[in-house]
Amino acid sequence: MTAVGIDAIEIWTGKLKLDLPNTFAPEKGEDPEKYTKGLGLNASSFPDAHEDIVTMGANAAHRLMDRKGLTPDDIGRIDVATESAFDNSKPVSTYIAGCLEQVYDGDFHHANKGERKFACVAGTQAIDDAYNWIKAGRNRGRSALVVATDTALYARGDPGEATQGAGAVAMLISEDPSVLELSTEQGYGSADETDFLKPNQQFPSVDGKRSMQVYLARMREAVEDFESVSGDTHPDDFEYIPFHTPFPGMVRKAGLLGYRHMIRDTTVEEELADEIGFQPREDEFEDREAYEEAIRDYMDKLKETDQYREWYGNTIDPTLSISREVGNWYTGSVHIARASALRHALNEGIDLTGKRLLVGSYGSGAQAEVHAETVQDGWKDEIEASNIDAQIEDRYDLSFEEYEKVHDRHNHDKTIEIEDFTVPDGEFVFTGRGRMNERMYDFVE
Ligand code: CAA
């Protein structure tokens, strides 16, 4: 069977930064630790005046193609996953292809282009589509370009404002991939939910607290569905478990729930029993409420155990380092979680080849997807080539007044002109609107 998976990854962060503890918290009258400790975020990325979902996606894709020495003929498919699209008809992938055609000889006229929508899980779904296209033998030896790109903005004053972010992840999906092979096995947890949605509006309608419950419920269903085809999961099976990360505090909750699930009926549960007892079983309780209270009590104890802390520190915490500095990137979020983990392994000298990851994607509305990935021997070269640390470091640090202007600039209901904060250098930029209100782009040397 041909191995199919991720052959290359490039990340592009919005070039501006909002410092949450030092700039945002004082204006909101909040304790800075609500952001750094509670939500787990230090900063959010924002797009500069010349940036949007197209420029960020095209810039990530351009870097990827240059680094891998690709031409348009090598790409048979371009899918963009986004929940920040500005057009209900013309897909963002056509704009990105148009940008790339400005800098490459040849064109993408024979590449199938589309746009994937299911909130934040759409990036993983686009990878899935590419995987199926290649497995079906329809790719004619070519690879698929998947771009997850979002400006994750909330209305000013919405509790979600603290979790904003902007950036893109471009991934090349190929046969015999250098970085990660994807499992055939997958699990889904999917239900009609109204936790977070954008009914033809730019800023989301969010029921924040409920959205967290829905995330956990759907993720649990997806894990159980995955186990029904791959067998039970165990904490020792996976080197890292990247989750969709709207903010690291959400993943703290998902990690604890996942660990409890995985250790059930294992020797780990037995070993912990002396200290915290066995996990409550529903049939031991008269009603659901009493059972849920007992579960909450067990989880409170579980999270203080050395075993859990060590597992969380090794398996989950390394997935959160980029997210802490850039905020929520919606469709790109789980893909920067995976990249964070690989970057951590590189920095720590951990040999990952042949090791497995369990990847938990999630989109509001709502659907979770879980699959496994096996690290391939080209992973190190790929992660070494990434310049994401420098990009994060180089962002322009906004004052609160500047942040307000940037937010307005990217508000579709406002027409605000502001000066760029950074100087474009070897990148695509937004230049204005054309005759049919289309957005226009140029490459700046
Ligand atoms: N020191 C340390 N911790 C503090 C603190 C302090 N001074 N002040 C507060 N905290 C903690 C709180 O205890 C809380 O942690 P726990 O949940 O573990 O108790 C955390 O910081 C956040 O505090 P609040 O709950 O008071 O924060 P909030 O109500 O202002 O906002 C939110 C939280 C509702 C999640 C909001 O950020 C939001 O609406 N976000 C957008 C929706 C979202 O991201 N949902 C996630 C699931 S949906 C999804 O994943 C899809 C997606 O991408 C959007």
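These are my notebook entries on the ligand site, one helix pair and two backbone details of this structure, which is a predicted model.

**Entry 1. Ligand shell.** I looked up which residues surround the ligand and found 28 of them. The closest are K34, K209, S211, H244 and K253. I then sorted the shell by class and got 13 nonpolar, eight polar and seven charged residues. Next I asked which helices each supply at least two residues of the shell. They include α2, covering 32–39, and α6, covering 208–230. I also noted α7, residues 248–263, as one of these helices.

**Entry 2. Polar contacts to the ligand.** I went through the side chains that make polar contacts with the ligand. For S211, I found an N or O atom of the side chain 2.8 Å from a nitrogen atom of the ligand. For K253, a polar side-chain atom sits 2.7 Å from an oxygen atom of the ligand. For N328, I read 2.9 Å between a polar side-chain atom and an oxygen atom of the ligand. I then looked up how much of the ligand is covered: taken alone it exposes 1,100 Å², and the protein buries 74% of that.

**Entry 3. Helices α7 and α10.** I turned to α7 again, this time against α10, which spans residues 306–316. Their axes come within 11 Å and cross at roughly 120 degrees. Angles from 65 to 115 degrees count as roughly perpendicular and those over 145 as roughly antiparallel, so α7 is oblique to α10. I recorded the crossing of α7 past α10 as right-handed.

**Entry 4. Backbone.** Where is the cis peptide bond that I noted? It joins G365 and A366, with omega about 0 degrees. I placed A366 in the loop between β11 (356–363) and β12 (367–375). I also noted Y330, which has a positive phi of about 50 degrees although it is not a glycine. Y330 is in the loop that runs between α11 (321–326) and α12 (333–348).

Definitions and conventions
Residues numbered from 1 in each chain as written. Predicted model: local features only at pLDDT ≥ 70, side-chain atom pairs only at ≥ 80, totals over all residues. Heavy atoms only, no water. Near = heavy atom within 4 Å. Polar contact = N/O pair within 3.5 Å; in protein donor to acceptor, adjacent residues only side chain to side chain. Areas by Shrake-Rupley, 256 points an atom, 1.4 Å probe, with all protein chains shown as cover. Helix = DSSP H or I, 4+ residues; strand = E, 2+ residues; numbered from the N terminus. Nonpolar A, V, L, I, M, F, W, Y, C, P; charged D, E, K, R; others polar. Axes fitted to C-alpha atoms, helices over the stretch in contact; angles between N-to-C directions. Parallel < 35°, antiparallel > 145°, perpendicular 65-115°, else oblique. Left-handed = near helix turned anticlockwise from the far one by under 90°.
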